[in-house]
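Got your viewer open and a selection box ready? Here is a short walk through the model, one selection at a time.

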Amino acid sequence: MASVNLLPWRETLRKDRQNRFYAALGVTAVLAAGIVLLANAYVGSLQDAQKERNAILDREIQQLESKIKEIRKLRAQKEALLARMEIIGQLQAKRPEIVHLFDELVRNIPDGVTLTSVSQKGQLLTIKGYALSNARVSTLMRRLESSEWFTTADLDIITSGVQNQSQVSDFILKIKQISPKVEEDQT
């Protein structure tokens with residue numbers, strides 16, 4: 001048999017296969033890198049789109065928060081106005097009471113009693129004055145307690161002194177004002 005050297009042919013074939021393998025490996029690596037870059041770009045675009053949505057939502061949230069603050073301010077103003085209206089309504093309802101109060105005072109002051117000051121804190125009236133005798137102060141207290149506009153008269157201080165060359169009793173009387181339900185005539 002003849003001897004044929006197949007080694008260079010096999011070696012050339014092996015080098016060819018190796019070159020094709022490396023070329024396929026390079027193409028695969030380039031394709032993989034391209035796919036990774038495309039995937040990265042796609043994910044980046046998704047992230048950018050989500051960041052835009054988040055920014056839009058943040059702007060909307062800020063707008064809504066400013067509207068909520070404005071609504072809270074308006075509610076506070078509304079409550080303040082309602083409270084003022086309630087106070088005004090109460091004052092309107094109590095407006096005739098002062099007339100009744102002074103009318104009752106004038107009707108119930110006995111002769112010989114002079115009032116120097118009348119002050120009111122809430123429902124408590126403080127009456128200062130002087131009388132020609134302690135009995136007249138007692139009469140004033142009884143009359144005021146029997147009135148439908150006053151209750152619970154307390155004599156705080158009574159002192160004797162001289163005024164206009166007469167013996168007088170200075171007094172401080174505290175009495176509670178009440179508001180009876182007055183039925184108004186409907187015309």
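Start with valine 118, which sits in strand E1, residues 113–121. Keep in mind as you click that this is a predicted model. With a relative accessible area of 34%, Val118 is partly exposed, because that value falls between the 20% and 50% cut-offs.

Now add Ile98, Val99 and Phe102 to the selection. Together with Val118 they make up a nonpolar patch on the surface, and the four have about 340 Å² of accessible area between them. Which element gives the most to this nonpolar patch? That would be H1, with three residues.

Stay on helix H1 and pick aspartate 103 and arginine 107. Both lie in H1, four residues apart, or about one turn of the helix. Show their side chains and you'll find a salt bridge, with the closest N and O atoms 3.1 Å apart. In general, side chains of opposite charge can pair when their charged atoms come close. How many salt bridges does a search of the whole structure find? Just one, so the search finds no second one to visit. As for how open the two partners are, Asp103 counts as partly exposed at 30% relative accessibility, while Arg107 counts as exposed at 57%.

Next, select Lys69, Arg72, Lys73, Arg75 and Lys78. These gather on the surface in a patch of positive charge. Zoom in on one of them, arginine 72: this residue belongs to helix H1, which spans residues 7–108. Is Arg72 buried or exposed? At 59% relative accessibility, Arg72 counts as exposed, because the cut-off for that label is over 50%.

Then go to phenylalanine 21 and tyrosine 22. A search of the whole structure turns up one aromatic pair, and these two rings are it: 5.7 Å centre to centre, with 55° between the planes. The pair is described as tilted, because 55° between the planes falls in neither the stacked range, under 30 degrees, nor the edge-to-face range, over 60.

Last stop: threonine 152, in strand E3, residues 150–163. Check the backbone here, as phi of Thr152 is near 55°, a positive value in a residue other than glycine. For context, most residues other than glycine have a negative phi. Switch on the surface to see how open the spot is: Thr152 is partly exposed, with a relative accessible area of 44%.

How values were computed. Residues are numbered from 1 along each chain as its sequence is written. This is a predicted model: local features need pLDDT of at least 70, side-chain atom pairs count only at pLDDT 80 or more; totals for chains, interfaces and linings use all residues. Side-chain values use heavy atoms; hydrogens and water are left out. Patches are made of residues with over 30% relative accessible area and no salt bridge: like charges are joined within 9 Å, nonpolar side chains (Val, Leu, Ile, Met, Phe, Trp, Tyr) within 5 Å. Accessible areas come from the Shrake-Rupley method with a 1.4 Å probe; for residues, only the protein chains shown count as cover. Lys and Arg count as positive and Asp and Glu as negative; His and the chain ends are not counted. The place of a charge is taken as NZ of Lys, CZ of Arg, CG of Asp or CD of Glu. Helices (H or I, at least four residues) and strands (E, at least two) are DSSP runs, numbered from the N terminus. Buried means under 20% relative accessible area, exposed over 50%, partly exposed in between (1.4 Å probe, protein chains only). Rings of Phe, Tyr and Trp (its six-membered ring) pair if their centres lie within 6.5 Å; planes under 30 degrees apart count as stacked, over 60 as edge-to-face and the rest as tilted.
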